[in-house]
Amino acid sequence: MESSSSILKERDRLYEFKDWFSTDCYWKGDRNFKQTISSFLSVTQMDMLKNGVFGKFFELDEVSHSGNLTHCMLLSQLFYKDKSKIIFKVFGHDVAFTEEDFHTITGHKIEASDYSFVDVRENRLKEWYFPEVKKEFEVDVCVDVEVCDEDAVKLAQIYLLEAILLGKFESQNISNRSMKIIDDEELCVSFPWGSFCFDELIDSLLHLLTTDSVKKKSMGRIPSYTMLGFPFLFNV
């Protein structure tokens, strides 16, 4: 099979069935996020978090990820120039995973909006709770910082966003823009988290098995790969 997507036509399979291969697909997110967050929040703070913008995720009995299902779906992917959705051929039918599907499952708003104005704001949470080391090997004396209920909930929301909805690698920095948005309660409620998180997930899905570096590997392919985003929704 030719590896260059430039020769593919709309609705062509990226992998024909004869080219399918087995491998392990992992997810980096925290499946036990409820226990993790409850370990550092008080009962009052947990109630505030559950009543907030990401509260519905605490209604989930569990957050799991089927690596085999994800891998088989990605092998069934069809080529489309439109990168706003991902489409698969399943039992002879085209099945699409779209922004609307993400919204239906999570309830989070989807809309095209420009929030670049947030970038010029001061990142209060970062400066107060995550001060940067000014010089190499120079570490300030650790001083306990008292965290009010509102800030504790905001920090938990940041963790939930980064470790669950974005499923990012531990080595990746937390988004400054996300921290600033969460710090503004009114903006956090109105922000289209559905569009934001869907874009991150779809970007991960679209690139996992479509790069030339993957397609050109010999039979046996790759021993494993790791995906970002929140594949639990994709599995659903």
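**Exercise 1. The length of helix H9**

Task: In this predicted model, determine what span helix H9 (residues 193-208) should have at 1.5 Å a residue, and compare that span with the separation of its end C-alpha atoms.

Solution. Step 1: Helix H9 has 16 residues. Step 2: The expected span is 1.5 Å times one less than the number of residues, and for H9 this gives 22 Å. Step 3: The end C-alpha atoms of H9 are 23 Å apart, which agrees with the expected span.

**Exercise 2. Burial along helix H9**

Task: State which residues of H9 are buried, and classify Asp 203 as buried, partly exposed or exposed.

Solution. Step 1: The buried residues of H9 include Trp 193, Cys 197, Phe 198, Leu 201, Ile 202, Leu 205 and Leu 208. Step 2: An α-helix has 3.6 residues a turn, so residues three or four places apart point the same way. Step 3: Asp 203 also belongs to H9. Its relative accessible area is 42%; a residue counts as partly exposed between 20% and 50%, so Asp 203 is partly exposed. Step 4: The C-alpha atom of Asp 203 is separated by 9.0 Å from that of Leu 228, a residue 25 places away along the chain.

**Exercise 3. Strands E1 and E4**

Task: Describe the two faces of strand E1 (residues 24-27) and of strand E4 (residues 224-227), and state in which sense the strands pair.

Solution. Step 1: The side chains of E1 alternate. Cys 25 and Trp 27 point to one face and are buried, whereas Asp 24 and Tyr 26 point to the other and are not buried. Step 2: In E4, Tyr 225 and Met 227 form the covered face, while Ser 224 and Thr 226 form the uncovered one. Step 3: E1 and E4 pair in the parallel sense, over four bridges. Step 4: Individual partners can now be named. Asp 24 has Ser 224 as its bridge partner in E4, and Tyr 26 has Thr 226.

**Exercise 4. The hairpin of E2 and E3**

Task: Establish how strand E2 (residues 86-90) is joined to strand E3 (residues 93-97), and examine Phe 91 in the loop between E2 and E3.

Solution. Step 1: E2 is mostly covered, with four of its five residues buried. Step 2: E2 and E3 run antiparallel and are joined by five bridges. Ile 87 is found opposite Ala 96 in E3. Step 3: The hairpin has two residues between the strands, and Phe 91 lies in this loop. Step 4: Most residues other than glycine have a negative phi. Phe 91 is not a glycine, yet its phi is positive, at about 50 degrees. Step 5: The relative accessible area of Phe 91 is 81%; the cut-off for exposed is over 50%, so Phe 91 is exposed.

**Exercise 5. A second residue with positive phi**

Task: Locate Arg 11 relative to E1, and report its phi and its exposure.

Solution. Step 1: Arg 11 is placed in the segment before E1. Step 2: Although Arg 11 is not a glycine, its phi is positive, about 80 degrees. Step 3: With a relative accessible area of 43%, Arg 11 is partly exposed.

**Exercise 6. Polar side-chain contacts**

Task: For Asp 183 and for Thr 70, name the residue whose side chain is joined to it by a polar contact, and state whether Asp 183 and Thr 70 are buried or exposed.

Solution. Step 1: Asp 183 is part of helix H7 (residues 176-183). Its relative accessible area is 18%; buried means under 20%, so Asp 183 is buried. Step 2: The side chain of Asp 183 makes a polar contact of 2.8 Å with that of Arg 124. Step 3: Thr 70 lies in helix H3 (residues 67-75) and is buried, with a relative accessible area of 0%. Step 4: A polar contact of 2.9 Å joins the side chain of Thr 70 to that of His 65.

**Exercise 7. The second largest pocket**

Task: Give the volume of the second largest pocket and describe its lining.

Solution. Step 1: The volume of the second largest pocket is about 280 Å³. Step 2: Its lining has 16 residues, and those nearest the centre are Ile 158, Tyr 159, Glu 162, Ala 163 and Ile 174. Step 3: Sorted by character, the lining consists of nine nonpolar, two polar and five charged residues.

Notes
Residues are numbered from 1 along each chain as its sequence is written. This is a predicted model: local features need pLDDT of at least 70, side-chain atom pairs count only at pLDDT 80 or more; totals for chains, interfaces and linings use all residues. Side-chain values use heavy atoms; hydrogens and water are left out. Buried means under 20% relative accessible area, exposed over 50%, partly exposed in between (1.4 Å probe, protein chains only). Two strands pair if DSSP finds at least two bridges between them. On a 1 Å grid over the protein atoms alone, a cavity is a set of points where a 1.4 Å probe fits but cannot get out, and a pocket is an open set with protein on both sides within 12 Å along at least five of seven lines; lining residues have an atom within 4 Å of a point. Grid points are joined across faces, edges and corners, and a volume is the space filled by probe spheres set on the points. Ala, Val, Leu, Ile, Met, Phe, Trp, Tyr, Cys and Pro count as nonpolar, Asp, Glu, Lys and Arg as charged, and the others, Gly among them, as polar. A polar contact is a pair of N or O atoms within 3.5 Å; within protein, one must be able to donate a hydrogen and the other to accept it, and residues adjacent in sequence count only if both atoms are side-chain atoms.
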